[in-house]
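Here's a quick tour of some local features worth pulling up in your viewer. Have the sequence at hand as you read.

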Amino acid sequence: KKSKTSRVKKINKQTTKLRRQGKLKLKRHKKTVVKSKCVAPPQAVYEDSDEQVESDHGEDLRQMIDPEDLEFIKASIRKGSYSLFKGQNFKREKKLLKRKVETEHEENLENEYEKSYNDEAPKKKIRYLLPIKTKEGVIKRVTEEEDKNSDLDEKKDISEIKSEKPKNDNEDDDEDAPDFVINEEKKDLSKPISTAEMLVWREKSVAQYKFKIGLLASSLLENTQQKVLNIARLLEIYDEWHPELQVTLKKLVALSLLEVFRDILPSYHIKHQDNPNVKLKKENRELQTFEKSLLKGYREYLNRLEKLASKLFKKKGDTRIRTKQEISLGELGIQCLCELLITHPYFNYTKNIVRLLTPYLSSNFNNVRQHVYTAFRKTFILDKRGEITLEIVRRINDLVKKKQHAVKPEVINVLSNLRIQDINLDKIKEEELKEKKLMANKSRIINLSKKERKRQKRISEVEKELLETKAEENKQVRYTLLTEVTKLLFTIYFRILKSAPSSGLLSASLQGLAKFAHCINLEYYEDLVRVLDKLMADGDLKTKEQLNCILTVFKILSGQGEALCIDPNKFYSHLYANMFNVDLGKRNANCELLLDCLDQVILGRRKKLSLSRSLAFVKRLGSLALQQDHHMALACLTIIKQMLQLNMSVNAMLDVDTSIGQGVYLPELQDPEYCNAARTALYELNLLLRHYHPTVRQMATYIVNDVPATGKCSIPPEISKMTCSEIFKHYNPSEVVFRPSVPPPTKKETANKFKDIGDKNLAQMCNNVLHQKVAVNFSELLDIKY
């Protein structure tokens, strides 16, 4: 059975069908009037149509009515005093009239206020004067003055209102954004301005800019992701042109951004890829935009620092003189770049910073060289991956080649701070050869099928992942990078030895070779010793360079080089000859280097030294102690003490009987083997017993008594355990610290007793001679030529 449809539903269907066809005529619903028991009096009904209100006929009627009658009618409509004016239409007219009257009243008030304000004279300021005391009482005095500042304040308010931009409703609420407007007072240049006024104006401007920079930087640190655009605002302040504030503003913004970037930059490299077709989540999209803007701001900041630093770099033919402000800004730019390199060595643009800073290692400004040197040294220490270290060494290598070794010594000295002590090139080479042989043998023995090769490949991938989880892969990569660093390092050193031995870089390269000699391949040892021997024989080297050559050779021979058949006798003679070249003059800086050489030769190779050489070095150490400061004298005595403890035959130097041995001691002979040191004794100890330093006297007494372990003449254990280098540093008076403090000399009271001359005639003769006037002519001395 079909379900019955209701009558209402049928009517609705028919109406909707007619409405869609456009045949339905819309009818307004008539209002049903409910009749109450008490019937109201009949009232006139007026249709609320716009045509009647806006008709010209009504306007003509209103013009025909007298104004007084019109006002009466309006008032009666407002009050509703007549029943005629209580209908719906007149109620609406009543509201409209009320609004119109109120607006007219407000406009009249504003116009009256403006007229009165314009007609008034300039505003006056009340100033209170001192009161006058009379018989009648105290009379208060007041004067009125024109307030000149009021006009300026009004102008400022108007300008501020005009400068405000209308905010859109769609924009986010940026109430927290620091929109700090700086009030720039325009000076009247037609009138002269005093220096005090200029200084006051400058201090006010700097204070305002400081406040604005502080607001922007602090808000950026509080909410980095939302306020990242503050970087661009700070850079806008940096680019503003103010001749009086130019240097100060650049310094303030550069240092503020440096502190900001030190805090907000991540410790990883941001790899950003633009893929507009890829849809991202809202969080990922926000993070991507933040990283984009951060990288852009960081890049702009680095560009400005590069421009500042470029003022310190002179090209060929550039004869411009740099001002102090330009030099200070350049130094600030270099300092900021160095700080960024130290704090974030793995962030983006690090290689660009290294490429920029490397040429300034050879700058003419000492402060700039020190900043870059310190930054590279700290980077070598803190770099755990080895990538930045390799990049720095590559850039230094390129710089030395480009400048043809005409660079400052700091360029080579910084390489001695590398952390490559664990690298052994010989071991790496052996491991590579073994691996190649094993792979060759494996390919010969096993002919794997295709499936087995795939299986082996998967196994190797799994093993690699396991190594990554254990951090073994990172160690292997770092070890490989440091191997490349070592190869480049010795390439630089060997090129200097071969191509530019007369340059100022020889001493720095020899110092680096002495430090990293254990990392050199064994096959290069003989060639290196031969080259150093040739350099020493030429005689063109200074004392420091000769000592570095000697130290390098003996460090090579102390490690893996012991297996080589190299005769070091010439280097013994070179060391013995250079000991007296280190004195209290300008060459006193080489004392520590000399101690390293003596420690390596006399103590490290004592079993390979002949008795005559040992005695000759001990005798020369005693002579050297007499012409040095107390810290160097103590270091020399420490080496003598250790030689007496380790080699009993050296005790012969304490015996005054010189009948043992042959020949005569020849101190001027430069060969320790044939100077006949056995025919002398350590007479210098007698003078050192009366030294001004108490510790030197104590050490000399200890050696004279044949270094006793205990007893009255023994020394404290804290001194006996120290090496010569430690004693040298501990007692060094360069920091104006004297250990122990020297007591002041005691004053001896001597009785002044003068006896008279017994013979009276002799006493009279002496008095006459003393009181006799002698005439001397000194003009004869002027003709004498000395």
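## Charges over rings

Over the ring of which residue does the charged end of K250 sit? That ring belongs to Y238, and the charged end of K250 is 4.1 Å from its centre. Keep in mind that what you're looking at is a predicted model.

There's another case of this kind to look at. The charged end of R620 sits over the ring of Y576, at 3.9 Å from the ring centre.

## Rings that pair up

Searching the whole structure turns up 10 aromatic pairs. One of them is Y298 with Y349: the ring centres are 6.1 Å apart and the planes make an angle of 40°, so the pair counts as tilted, the class between stacked (under 30 degrees) and edge-to-face (over 60). Y298 is part of helix α10 (residues 282–310), while Y349 belongs to the loop between α11 (324–343) and α12 (350–357), so this pair ties together parts that are 51 residues apart in sequence.

The two partners also have their own surroundings. Y298 is buried, at a relative accessible area of 1%, whereas Y349 comes out as partly exposed at 24% relative accessibility. Both belong to a cluster linked by ring pairs, made up of F261, Y298, Y301, F347 and Y349.

## Backbone spots to check

Y349 deserves another look for its backbone. Its phi is near 65°, which is a positive value in a residue other than glycine, and this residue is found in the loop between α11 and α12.

Q404 also has a positive phi without being a glycine, at about 55°. You'll find Q404 in the loop between α14 (387–403) and α15 (410–413), and with 65% relative accessibility it counts as exposed. Further along, the peptide bond from R739 to P740 is cis, with omega near -20°. P740 is in the loop between α29 (724–730) and α30 (760–771).

## A cavity inside

How many cavities of 30 Å³ or more are there? The count comes to 1, and the volume of the largest cavity is about 50 Å³.

Its lining is made up of F380, D383, G386, T389, L418, R419, I420, R478 and L482. Sorted by type, the lining residues of the largest cavity come to 4 nonpolar, 2 polar and 3 charged. Among the residues lining this cavity are D383, R419 and R478, and these count as charged because Asp and Arg fall in that class.

Methods:
Residues are numbered from 1 along each chain as its sequence is written. This is a predicted model: local features need pLDDT of at least 70, side-chain atom pairs count only at pLDDT 80 or more; totals for chains, interfaces and linings use all residues. Side-chain values use heavy atoms; hydrogens and water are left out. Rings of Phe, Tyr and Trp (its six-membered ring) pair if their centres lie within 6.5 Å; planes under 30 degrees apart count as stacked, over 60 as edge-to-face and the rest as tilted. Helices (H or I, at least four residues) and strands (E, at least two) are DSSP runs, numbered from the N terminus. Buried means under 20% relative accessible area, exposed over 50%, partly exposed in between (1.4 Å probe, protein chains only). A charge sits over a ring if NZ of Lys or CZ of Arg is within 6 Å of the ring centre and within 35 degrees of the ring normal. On a 1 Å grid over the protein atoms alone, a cavity is a set of points where a 1.4 Å probe fits but cannot get out, and a pocket is an open set with protein on both sides within 12 Å along at least five of seven lines; lining residues have an atom within 4 Å of a point. Grid points are joined across faces, edges and corners, and a volume is the space filled by probe spheres set on the points.
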